Structures are given as structure tokens and as C-alpha cells.
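Let's take a walk through this protein together, with the sequence and the coordinates side by side. Keep your viewer open, and we will stop at a few cysteines, a helix packing, a loop and some backbone angles.

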Amino acid sequence: MRLIKLAAAVLNQTPLDWQGNRANILEAIQQARGQQASLLCLPELCISGYGCEDMFHAQGVQQTAWQVLHEVLPATRGMIVSLGLPLAYNTALYNAACLAVDGQIVGFTAKRFLAGDGIHYEPRWFKPWPVGRRVEISHAGKTYSLGDLHYDCGGVKIGFEICEDAWVANRPGGELAQRAVDIILNPSASHFAFGKAKTRERFVLEGSRAFGVGYVYSNLLGNEAGRAIYDGGAMIANCGTMVAMGPRFSFADAHVTSTVIDLDATRLNRSRSASYLPRMESAEVGCVAVDFSFPAVDPQRTIATPAAWEVGAHVKEEEFARAISLALFDYLRKSRSQGYVVSLSGGADSAAVSCLVAMATRFGLRDLGAEAFLKKLNHISQLQTLQLPHGTVGEPSAEQLDLLAEQIIQATLSCVYQSTRNSGPVTLAAARAVAEAVGAEFLQFDVDPLVQQYIGVVSGAIGRKLDWRTDDIALQNIQARVRSPGVWLLTNLRGALLLSTSNRSEAAVGYATMDGDTSGGLSPIAGIDKAFLRRWLRWLEVTGPQSLGPLPALQAVNLQAPTAELRPAESKQTDEDDLMPYELLDAIERAAIRDKQMPLDCFRMMQFQFPQYERGQLLNWVQRFFRLWCRNQWKRERYAPSFHVDDENLDPKTWCRFPILSGGFERELQTLREYVENSSTDPR
């Protein structure tokens, strides 16, 4: 029996934050050492940060990454630690993992498969390392091996699959297994998306089973660079069994998960596999050997189970709550903002944003405790004199944490209801109820005099009165735009960040006023569809996240039909009357934009998915979607940064490219109209 303690870390890094990133790396090494781990895997590009974008090409960034690597090396004495950094060779840049052993650099393994789809642009900065290629590089008078390498550390063989390497069909692990590698490290920067954690779990398990190895997976954590969210979720598997799992969506800067594996049992298991065919050529090919003595460890039985909230019928709702809350918290502290401001209309979108901001505080306090949480927000002036609840001894109780959360939310979240003559008492009451329930400051602005002033100015200039029959859109838009300056003024006075409340369904068809309700520095829900958002709010009203519970005050929002409330009350305006049913809109969007179906194919699909609607109405809605989509690409280009949560994102800067000017699908829509006109039978 040869026991080795392995560890995987998740880190909340920031691009180009050399001091902060180094501190988190050192914290993870200290945690692993405290857990008596001998081998620690840190995330991909953890030294520089993963999201450096075009700054990867700056020589200064590459040089500083080297400097920080050498600053960290002394902390690795007595351990084996992998550290990720950008590495230049022969005028090309590579995504590399350095293996440090007992305070010394042993070598660098370069990533073979680069992530170049979705939100990833690695081929813009890095080159893929060719299979089987190994070279020597020199730095500061020393020579190191770089390339397609594995390592023999005191008789234990270690190899790498760097993030995307494990997602491809011909993953390097197969070759490493033929080289009799015992442990595969996977340093990753794998962003969050709904359900993606299960996919990662499968490739970690399958890699450990198929290759007969111990498999160590590490990941980034939190809102690293602004748009992508990383959920952490370290994993260690051995020969097809998950033996350790770390938490997801932690608010910590660093978190280490460790466990013990029996190396002799791992090797025996591999030798019994009929599919294991070792390479017969020299075992020295591509192997860097170094002396290392693994300390004795006590055997442990680790049972790897997911968190309670990850099991059940509402995992997506839980993931959404935790992912956006963590992203908002990190955005607040990394941007050094004093808080958030939300223009709270009493509708679903602004209510959801307000709830998510408040949940960031409640989740964070429960995860970190009061002292550590407040330390992370020590730049916020209103929190510097915050007092713990009377009678607090040691760490506050759950009840005391709730009282503290109310104080923090009151100081960091301002909700503003901005009324015109078309606003009604229902939305005002709903807005007030939500603000009070989450603990936010609630303010009211009457912007109707400003609206009337603008209408009067323009009417006088053009020589006629504006009228709802002829000037409907313009009269709606001026109300939304007039709401922007005042709430921006409040935001600036507070040193805060204004949150836009538009959702993805609105972005798809441009159902938003630029420089009005899209105003803001961040759009936290622009990546999620309205149908899910409404379902999430109903869940939050009745059930809510585990550890936080429900928010019954949302009933005032959930009972309403979504409305912009920009026309006179007698018009009974609703979003779905203006557009189409949200469930249908989202289905058309998925078919047309995610799946790239033409109008006729979208129409046929909608007939089967929504048989309750007659053909002529479906035709009008499909046409409306495509025309509005094409007409409003310029709006999507101007949206404030949003968070990525799935493969249906419409963000043109990271995911969904579309021309601002286009032919508008007119030929395809004509084909659709002819099909409907000439069809004599209903395909349903």
C-alpha cells in the first residue's frame, strides 16, 4: 500500500492582478500543506489570470508571469505544485503548466488543444503545442524542458490534460496511460453554464476509469474578468470512482479539496485492464525525472457527494441564484464600487435583479462568516463603521447574520421607483414590497414633469402636438429615457454601479429603449430568457434557495402580466401583446439564433411545439421575430456587459456575431409566406 495525498484548488483570480493572484496561490498552497497534501493542482493560467485578452501578447505580461512564478516557488518546498502561466517560445505564445517540485521548476507542459469556440478565443493568443514535440528553453541562465511532457517524481508518474485537452475525442490522457502515468492533473478555466458541472464530472470520472489513474481537476472561481462566471467545483477521481468533490460558487479567494489514494491499488487496477497496452519503447521518452520523497499519510475514507442544493428538481434555479449572486459580489469588490442602484419598476426583471444583489450578501455571509465577508468589502465607506448585532460573541449566529445582512444590503443597494402619469398603484406597491423584503433603500422619483417638458419642447419646435395615435413609440421611449439621467445622478452620488434590467428575450427583439431602460454599467440578466426568469421568480416566492428560503413579497410581482407601463392605463399594455407570448418568443429565438434555422423551418417547428396557435398568427409572430432581430442588432452591440450562463447567449462581443446591417431575411420570409399561402393541408 502506497498512499499519496492529492489536492485540487479553486482560485478567484483577476487578470493582471499580480499581487492578488499571488496571494491566492500562496493561500491555496498553505491550505494544501495544512491538509498534508503532497501534490497540488492549481487552475489554468492562475498566475496571470485567464481573461487577460490581448494583453497576453504584451512582453511585460509574459515577463511578470515569470517573476511571479519565481516568487511563488519557495512556498512549494516539500510539495509538488502545478502553476499555469503564458509562456513564450520561438516568438510564439503557449498556454503552459509549470510543474514545481520541492521549490524548483522541473518543466513546462504546453496545452495541445485550444478552446476556440463559444466565449473562448484562445487561438487568438496562443499556439497549440504539437504532439510529441519537446524543446529546451532558457531563462535567467537556467534551462528547462517544455512541450509534450510527463514527469517522474520519486517514482510517481504525473501528466497533464489542460482544460480543453480533456474535452476532445483524442484527449492526451490515452497516450499518458500508455506511458504508465499514475496521476493526471487537469488545471482548468472552465466557465459556468447550466448543467455543465455534470459534463465535467463525466470526463473526470471517465478519464480516471479509462486511463486507470488518479485524476485531479482544478478550476477558477467567481467573476474573474467581468463576463464569464467560474463555479469552482474541484474534483479528484481514482479508477472510475469520485473520491473528493469541492464546493461550487464559493465566495472564498481560495479553496482546497484533498484526499488520499492508494497508488499500488491504482496500478493494480490498471494492470488488470485488458485495454491497457503500455508502450514498449523507452519509458524515458518525454519524461522528466526528479527526486522527491512522498511523506507517509494516514489512510482516509472519503465519500464524495454533491451539495444538497445540487440534487432535486430545481437545480437550474439554484445555479442561477448562486452564479449571478457570486458574479455580482465579485463585480462589486473588483470594480471598487460603493454599491448597486436598480431602477425598480415593480416588474419581473428589476425585481429579479434586486433579489440577486441582496442574495449575494446573504450567500456570502453564510459562506465566509461576518469578518471575512466584510473584509472583502472594506473599500465601501458605509460598511467601515458597521457594528455587529448587539450581544454577538465570536462568529454571529444565523439570526445575527440575517440582521447584519439587512444592514449591509441597506447600505449597498438602492432601488428607485420612477413614475410617470402612466404608472399605476400596483407597480408602485410591488416595487415597495420587493425593496422592503430584500432590505434595500427605496426611493421614489416623479419624472412626469420632465417627460411633459420634453414633449412640449419638441411639439413647439415641429409645430404640432404629439399624439398616441401617430407617435406611440416616440412617446413610450421618452418616458424610458427620462428615467435615465436621474438614476445615473443618484448612482454617481453614491459612487455606485447602475444595473440594467433588460433580459435576453427583450434583447432578441430590441424591446428596450437605448439610453433608457438599458442604461447601466452592467446587465446581470441579459443572458437569461424572460420565460425562465418568470419561473425563477415564482420558485423564489414559494421555495427559494436552500439556506435562504422563499421571498413571499414577490407575489405582488408574480401576479402581474409583464408590462412596460409606458402607454396610458386604458390601453392595458402588456409585453406579450406588444410582442408575442414569451414562451413562443424564446422558442423561436432558440431555433433561429442558437440552432440557425431559417424562417420556414422555425415556423414548422413552432407549429408542432405550439399547436394551440393558428397558422396565420404563428406566421405573423415568426415574421415579427426575424424582422425585429435584424433591426435591433445595434442595440445588442451597445448593451452593458452581461454574464454568460448558457449556449443561448446573444452577446455579440463574446458569443453571437450578427451583422448590424443585413438583408433582413426578406427572401426567406417571402418563402415562408408563400408556403403558408399555398399549403392546402396542415402538417400537424
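Is C415 buried or exposed? Bear in mind as you look that this is a predicted model. C415 has a relative accessible area of 0%, so it is buried. You might then wonder whether its sulfur has found a partner. A disulfide is a covalent bond between the sulfur atoms of two cysteines. For C415, the closest cysteine sulfur belongs to C355, and the distance of 8.9 Å is too far for a bond.

C287 tells a similar story. This residue is also a buried one, because its relative accessibility is 14% and the cut-off for buried is under 20%. Its closest cysteine sulfur sits in C153, 8.4 Å away, which is again too far for a bond. To count as a disulfide, two cysteine sulfur atoms would have to be within 2.5 Å. By that rule, the count is zero disulfides.

Now turn to helix α19, which spans residues 599-609. This helix packs with α20, and it also packs with α22, so let's take the two contacts in turn.

Begin with α20, residues 615-631. The axes of α19 and α20 come within 10 Å and cross at roughly 135 degrees. That angle makes α19 oblique to α20, and the crossing is right-handed. On the α19 side, the residues in contact are P599, C602, F603, M606 and Q607, and they meet R615, L618, L619, V622 and F626 of α20. Sorted by class, this contact has eight nonpolar residues, one polar and one charged.

The other contact is with helix α22, residues 666-678. Here the axes lie 8 Å apart, and the packing angle is about 45 degrees. That makes α19 oblique to α22. From α19, the contact draws on P599, L600, F603, R604 and Q607. Their counterparts in α22 are E668, L669, T671, L672, Y675 and V676. The classes here are seven nonpolar, two polar and two charged residues. If you select P599, F603 and Q607 in your viewer, you will find each of them in the contact with α20 and again in the contact with α22.

Next, where does V297 sit? Look in the loop between β16 (287-290) and α7 (315-334). Although it belongs to a loop, V297 counts as buried, with a relative accessibility of 16%. Leaving aside residues up to four places away in sequence, V297 touches L3, I4, K5, Q36 and V260. Take V260 from that list: it is 37 residues from V297 in sequence, while their C-alpha atoms are 7.9 Å apart.

Finally, let's check some backbone angles. Most residues other than glycine have a negative phi. L16 is not a glycine, yet its phi is positive, about 70 degrees. You will find L16 in the loop between β1 (3-11) and α1 (18-34), and its relative accessibility of 33% makes it partly exposed. A180 has a positive phi too, about 65 degrees, and is likewise not a glycine. Its place is the loop between α4 (173-178) and β10 (183-187). With a relative accessible area of 24%, A180 is partly exposed.

How values were computed. Residues are numbered from 1 along each chain as its sequence is written. This is a predicted model: local features need pLDDT of at least 70, side-chain atom pairs count only at pLDDT 80 or more; totals for chains, interfaces and linings use all residues. Side-chain values use heavy atoms; hydrogens and water are left out. Buried means under 20% relative accessible area, exposed over 50%, partly exposed in between (1.4 Å probe, protein chains only). Axes are lines fitted to C-alpha atoms, for helices over the stretch in contact, and angles run from 0 to 180 degrees between N-to-C directions. Helices (H or I, at least four residues) and strands (E, at least two) are DSSP runs, numbered from the N terminus. Angles under 35 degrees count as roughly parallel, over 145 as roughly antiparallel, 65 to 115 as roughly perpendicular and the rest as oblique. A crossing is left-handed if the near helix is turned anticlockwise from the far one by less than a right angle, and right-handed if clockwise. Contact means heavy atoms within 4.5 Å. Ala, Val, Leu, Ile, Met, Phe, Trp, Tyr, Cys and Pro count as nonpolar, Asp, Glu, Lys and Arg as charged, and the others, Gly among them, as polar.
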